[in-house]
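Welcome to this tour. Keep your viewer open, and select each part as we come to it.

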Amino acid sequence: MIELDERLTRLQGQAREWAAEMRPHALAVDEDPERVSEIVDLPGLSRVAALQIPPEYNPDPLLVGGEKYYLMSALERVVFFEEGAWGDLGIMLASPGGPMSGIAVDALGSDAQKEWFFGRLLERPTWTFFALTEPERGSDATNMTTRLDRAENSEALLLNGAKRYVGNSVRAELGVVFARTGPGPLGLGAVLVERSAPGFSVEPVPTLGVRGAQLGAITLDGVRVAPDEVLGSHLPPTRRGMWAWLRTFNLLRPAVATMGVGVARAAYEYVGEHRGGLRAGERWRLERMGERIETVRQLVRKAAIAVDHNPADGHLASAAKRSAARLAEEVTLEALDFFGPGARLDHPPLEKLARDARAVEYMEGTSNIQRLGIFGGVVRNGFAPGGAVSGDGGT
Ligand SMILES: Cc1cc2nc3c(=O)[nH]c(=O)nc-3n(C[C@H](O)[C@H](O)[C@H](O)COP(=O)(O)OP(=O)(O)OC[C@H]3O[C@@H](n4cnc5c(N)ncnc54)[C@H](O)[C@@H]3O)c2cc1C
């Protein structure tokens, strides 16, 4: 059982307070994602925008009870973002800052690039994007077709291709784009791109869930990339593209998993608060839901500790993500079941939770892809007692 120490309990308390302030806006942002601009001053968005920045670039960390928090460890993130997702996943994902792009820049950027990128995030709440998925290459991202080629008679490089389902890209000012620089796994690279660059365009992609995140489809039509916008040039080829995104995803995966826990908890609490007169069998079902949530929460925390220890090994995080995606989907649907056939019409917050839960399945790799990750971990590490494959939480 992983209990939170005093420091993490304080962080959790702060996150819960901010998440509660987001909740009243959940349905309005779901109806019109543009309305995020009206609530961007809430600390759950504006303060979070200046976190997840490495200490050496962040003079303004979160201070709670005299302690500093940078949200740079996976464990801090899972504690913090469970509360955010409980508040509202759509709004949480609409937060400015560099939750994904920042990890890539931290892994791949030179000192000058990090100073520039994180400096931009600290100037004012700034949205960023992390553009990896392509229209025909979601799970199969290593076979991406977006290309970064040298322009004729010039030092500059040209970016051509298309990306899809990219969170916040509709409102972002800058971000990271992954592209092919040559054949094979080493021929993958990442570049910094400003939205204002000629040849860059983005269209919203309508979604059923997490509508606040405003996913976008990006077209890259000869976008010029200066040599100092290419990430990882100072690193050996083995440490660029593929290495960076596997590490980024390993570090992020527990944070996505914790979103599933937060959404499930919100649905579970909704039943407790709004469904009176539970019969014995229903009380048992509700208790069982609560127990499942706690079991998956424990797995998520364990996975966060594991990737903090070794960011190169994400198989426990894969197990946590898979379990949490299933948890969110099943608990939200079961919660609706407590309110009878008209539940989706009569309980809009719960109906929204059931739609948002589906996003957890797709973000950062589907359950089938996580299964491949778990299998890889088992092959490498064997069946460790209490390890990844046994800590499934009965989901
Ligand atoms: C809310 C949200 C936010 C997102 N944010 C971003 C973002 O910021 N940046 C970004 O780049 N992308 C983002 N994505 C995209 C996300 O990463 C992709 O949706 C995901 O990788 C799956 O790709 P796909 O949708 O093309 O599905 P596909 O890859 O086409 O998968 C469809 C189905 O086929 C299965 N499948 C695919 N390959 C295999 C296989 N080898 N073995 C077994 N089954 C397989 C999958 O499990 C799935 O069930 C986001 C998605 C969502 C929903």
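Start by selecting T146, then show what surrounds it. Setting aside neighbours within four places in sequence, T146 is in contact with E134, L159, N160, G161, A162, K163, F178, A179, R180 and L220. Bear in mind as you look that this is a predicted model. T146 sits in the loop between β3 and β4 (147-150). Is T146 buried or exposed? Its relative accessible area is 0%, so T146 is buried. Now zoom in on A162, one of the contacts of T146. The side chain of T146 reaches the backbone nitrogen of A162 at 3.4 Å.

**The domains**

Next, colour the chain by domain. The domain assignment gives domain 1 (6-123), domain 2 (128-236) and domain 3 (241-381). Hide domain 1 for a moment and look at the other two. The C-alpha centres of domain 2 and domain 3 lie 29 Å apart. Where these two domains touch, domain 2 gives 14 residues to the contact and domain 3 gives 10 residues.

**The ligand**

Now select the ligand and show the residues around it. How many residues surround the ligand? There are 18, and the closest are F130, T133, S139, Y165 and T366. Domain 2 (128-236) and domain 3 (241-381) each provide at least three residues of this shell. If you colour by secondary structure, look for β3 (128-131), β5 (157-166), α11 (348-362) and α12 (367-381), each of which supplies at least two shell residues. Colouring by residue class instead brings out 12 nonpolar and 6 polar residues in the shell, with no charged ones.

Three distances are worth checking here:

- From F130, a backbone N or O atom lies 2.7 Å from a nitrogen atom of the ligand.
- From S139, an N or O atom in the side chain is 2.5 Å from an oxygen atom of the ligand.
- From Y165, a polar backbone atom is 3.1 Å from a nitrogen atom of the ligand.

Switch to a surface view to see how the protein wraps the ligand: on its own the ligand has 970 Å² of accessible area, and the protein covers 67% of that.

**Two residues with positive phi**

Stay with Y165, which lies in strand β5. Most residues other than glycine have a negative phi. Phi of Y165, however, is positive, near 60°. Y165 counts as partly exposed, because its relative accessibility is 44%.

Then select Q214, in the loop between β8 (200-204) and β9 (216-225). Here too phi is positive, near 40° for Q214. Is Q214 buried or exposed? At 12% relative accessibility, Q214 counts as buried.

**Two helices to finish**

Go back to α11, one of the elements that line the ligand shell. Of its 15 residues, 11 are buried, so α11 is largely enclosed by the rest of the structure. The buried residues of α11 are L350, E351, K352, L353, A354, R355, D356, A357, A359, V360 and E361. Just beyond, E364 follows α11 and has a positive phi, near 60°.

For the last stop, bring domain 1 back and select helix α5 (residues 101-108). Why is α5 described as largely enclosed by the rest of the structure? Because 7 of its 8 residues are buried. Those in α5 are S101, G102, I103, A104, V105, A107 and L108.

Terms used: Residues numbered from 1 in each chain as written. Predicted model: local features only at pLDDT ≥ 70, side-chain atom pairs only at ≥ 80, totals over all residues. Heavy atoms only, no water. Near = heavy atom within 4 Å. Polar contact = N/O pair within 3.5 Å; in protein donor to acceptor, adjacent residues only side chain to side chain. Areas by Shrake-Rupley, 256 points an atom, 1.4 Å probe, with all protein chains shown as cover. Helix = DSSP H or I, 4+ residues; strand = E, 2+ residues; numbered from the N terminus. Nonpolar A, V, L, I, M, F, W, Y, C, P; charged D, E, K, R; others polar. Domains from an automatic or database assignment. Buried < 20%, exposed > 50% of the residue type's maximum accessible area, 1.4 Å probe, protein only. Contact = heavy atoms within 4.5 Å.
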